[in-house]
Amino acid sequence: MDPADFLAVDDLLTEEERAVRDTVRSFAAKELAPHIAEWYDAGTLPADLPARLGELGLFGMHLQGYGCAGTSATAYGVACRELEAVDTGLRSLVSVQSSLAMYSLHRWGSEAHKDEWLPRMAAGQAIGCFGLTEPDAGSDPAAMRTRARRASGAADADWVLTGNKMWITNGTLAQVAIVWAGTETDDGVEIRGFVVPTDTPGFTATKIGRKLSMRASVTAELSFEDLRLPADAVLPEARGLKGPLSVLNEARFGIIWGAVGAARSCYLEALEYAGQRHQFGQPIAGFQLTQRKLAEMLVGVNQASLTAVHLGRLKDAGTLSPAQVSFGKLANVRAAIEVARSARTVLGGAGITLDHSVMRHMNNLETVLTYEGTEEMHMLTLGAALTGINAFR
Ligand code: FAD
């Protein structure tokens with residue numbers, strides 16, 4: 001039995017979902033876990049990793065058609081869990097590709113967009129990124145300044161994109177960026193999404209350095225200087241903030257699962273270390289205070305795991321609401337970061353190095369607490385759902 005799965009939550013998974021778990025877990029143990037500390041330290045990922053993840057069928061795996069595997073959403077969640085058990089950066093690579101970039105195209109793109117990009121992205125031969133956040137517009141994306149204007153008064157004129165995006169995962173790796181920009185309409189500014197090949201003149205991606213979190217993940221600033229796009233570069237179906245927000249909801253679902261993986265790894269490492277480390281003539285696992293920490297970690301991991309499976313089932317049934325996703329993101333990331341912090345204390349001084357995973361996970365989870373909607377934004381979403389009163393401003 002899996003020592004972290006105390007409530008046998010994985011018994012709730014289908015055979016297909018368990019097969020996904022076993023495949024990704026075994027790939028991660030052989031191909032990712034032995035190298036992750038080195039990648040994290042160097043602040044890099046191997047160039048061939050996307051193609052290898054593509055071969056495994058992980059990109060856009062819960063989407064139908066266009067070379068995607070078409071699994072259940074729960075199976076996709078399980079894959080996110082197993083990747084994040086190694087490192088959040090690995091899950092982010094898959095989440096941004098699958099949920100932010102591919103889902104944007106799948107949900108809101110034209111047939112031509114889907115045919116052009118999705119099969120290559122599913123295979124890991126093209127990487128996508130998603131540009132919503134700006135230097136001055138984070139939690140409040142409606143304040144974005146990036147603009148797409150028509151090059152002339154003709155209805156089918158090219159678009160001209162200007163502006164900047166900040167904190168963009170996969171930004172320097174991507175062949176295609178989904179960029180959200182304001183367009184002028186008679187009724188004011190309307191946010192639209194654009195499919196931007198990153199080799200378009202006027203596109204620049206600059207890697208953000210000196211990160212203390214998510215080092216095994218590329219984060220970039222994008223800038224668009226009078227970048228010219230054909231009229232059909234716009235995602236035809238997405239109008240207003242509901243476009244990007246619907247996409248973020250998809251990615252948050254992966255985070256709900258990924259957080260369980262990070263928490264599980266921290267718990268297992270603390271459990272093992274506590275059994276081996278002796279102080280005062282006995283294993284530190286024998287102290288009541290350590291046992292309390294381990295018991296609380298176990299509760300945190302298993303409650304988060306149950307939440308993930310339940311929300312997975314709701315998503316597969318088509319009834320998962322955005323507020324329920326906020327519940328899951330808030331609860332599971334909070335649980336994971338508490339487990340990681342507590343696990344770090346069990347490892348004492350050893351816990352601060354890259355020889356162990358706990359502080360790497362803990363630092364990564366600081367980002368997870370912030371991206372895809374900060375903890376406070378999800379509280380406000382829940383508050384609005386509970387009271388009917390929007391307290392965002
Ligand atoms: P701010 O919005 O400035 O918030 C700062 C603090 O103020 C937070 O605690 C926030 O909760 C609080 N706050 C703000 N408004 C309120 C309020 N009304 N009430 C109470 N508290 C409030 N973005 C993308 O578009 N694409 C990506 O691929 C992407 N990847 C990322 C990768 C990393 C490593 C990181 C760190 C970020 C990434 N982001 C990405 C951006 C991320 O989504 C934003 O950082 C996040 O939305 C928060 O925005 P901000 O950092 O500007 O913080």
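## Trp167 in strand β3

Trp167 is exposed, because its relative accessible area of 51% falls on the far side of the cut-off of over 50%. This residue lies in strand β3, and the model it belongs to is a predicted one. The backbone deserves a look too: Trp167 has a positive phi of about 65° although it is not a glycine. Trp167 is also listed among the closest residues to the ligand, which makes it a handy place to start a tour of the binding site.

## The shell around the ligand

How many residues surround the ligand? There are 18, and the closest are Thr133, Ser139, Trp167, Thr374 and Glu376. Sorted by character, the shell holds eight nonpolar residues, eight polar ones and two charged ones.

Where does the ligand sit? The space it takes is the largest pocket. Three elements give two or more residues each to the shell: strand β3 (159-169), helix α10 (358-370) and helix α11 (375-387). Strand β3 is also the home of Trp167.

## Polar atoms at the ligand

Now for the polar pairs, which you may like to check in your viewer. A nitrogen atom of the ligand has a polar side-chain atom of Thr133 at 2.7 Å. For Phe130, the partner is in the backbone: one of its N or O atoms lies 2.9 Å from a nitrogen atom of the ligand. Leu132 also takes part through its backbone, with a polar atom 3.0 Å from an oxygen atom of the ligand. How much of the ligand does the protein cover? On its own the ligand has 980 Å² of accessible area, and the protein covers 67% of that.

## Two buried glutamates in loops

Glu134 is found in the loop between β1 (128-131) and β2 (147-150). Is Glu134 buried or exposed? It counts as buried, because its relative accessibility of 6% is under the 20% cut-off. The side chain of Glu134 has a polar partner as well: it makes a polar contact with the side chain of Thr146, at 2.7 Å.

Glu372 belongs to another loop, the one between α10 and α11. Its relative accessibility is 12%, so Glu372 counts as buried. Its phi is near 60°, a positive value in a residue other than glycine. The helices on either side of this loop, α10 and α11, are among the elements that give two or more residues to the ligand shell.

## Strand β2 and the loop after it

Arg149 has its place in strand β2. With a relative accessibility of 41%, Arg149 counts as partly exposed, because that value is in between the cut-offs of 20% and 50%. If you would like a distance to check, the C-alpha atoms of Arg149 and Met61 are separated by 35 Å, and the two residues are 88 apart along the chain.

Ala151 is placed in the loop between β2 and β3. This residue is partly exposed, as its relative accessible area is 37%. Which distance separates the C-alpha atoms of Ala151 and Leu229? The value is 9.4 Å, for two residues that are 78 apart along the chain.

## Two further loop positions

Asp355 is found in the loop between α9 (322-346) and α10. Why does Asp355 count as exposed? The reason is its relative accessibility of 68%, since exposed means over 50%. From the C-alpha atom of Asp355 to that of Val299 there are 26 Å, with their positions 56 residues apart along the chain.

Thr71 has its place in the loop between α3 (49-55) and α4 (73-84). Because its relative accessibility is 12%, Thr71 counts as buried. Thr71 and Thr172 are 29 Å apart in space, C-alpha to C-alpha, and 101 residues apart in sequence.

Notes
Residues are numbered from 1 along each chain as its sequence is written. This is a predicted model: local features need pLDDT of at least 70, side-chain atom pairs count only at pLDDT 80 or more; totals for chains, interfaces and linings use all residues. Side-chain values use heavy atoms; hydrogens and water are left out. A residue is near a molecule or strand if one of its heavy atoms lies within 4 Å of it. A polar contact is a pair of N or O atoms within 3.5 Å; within protein, one must be able to donate a hydrogen and the other to accept it, and residues adjacent in sequence count only if both atoms are side-chain atoms. Accessible areas come from the Shrake-Rupley method with a 1.4 Å probe; for residues, only the protein chains shown count as cover. On a 1 Å grid over the protein atoms alone, a cavity is a set of points where a 1.4 Å probe fits but cannot get out, and a pocket is an open set with protein on both sides within 12 Å along at least five of seven lines; lining residues have an atom within 4 Å of a point. A molecule sits in a cavity or pocket if more than half of its atoms lie within 2 Å of its grid points. Helices (H or I, at least four residues) and strands (E, at least two) are DSSP runs, numbered from the N terminus. Ala, Val, Leu, Ile, Met, Phe, Trp, Tyr, Cys and Pro count as nonpolar, Asp, Glu, Lys and Arg as charged, and the others, Gly among them, as polar. Buried means under 20% relative accessible area, exposed over 50%, partly exposed in between (1.4 Å probe, protein chains only).
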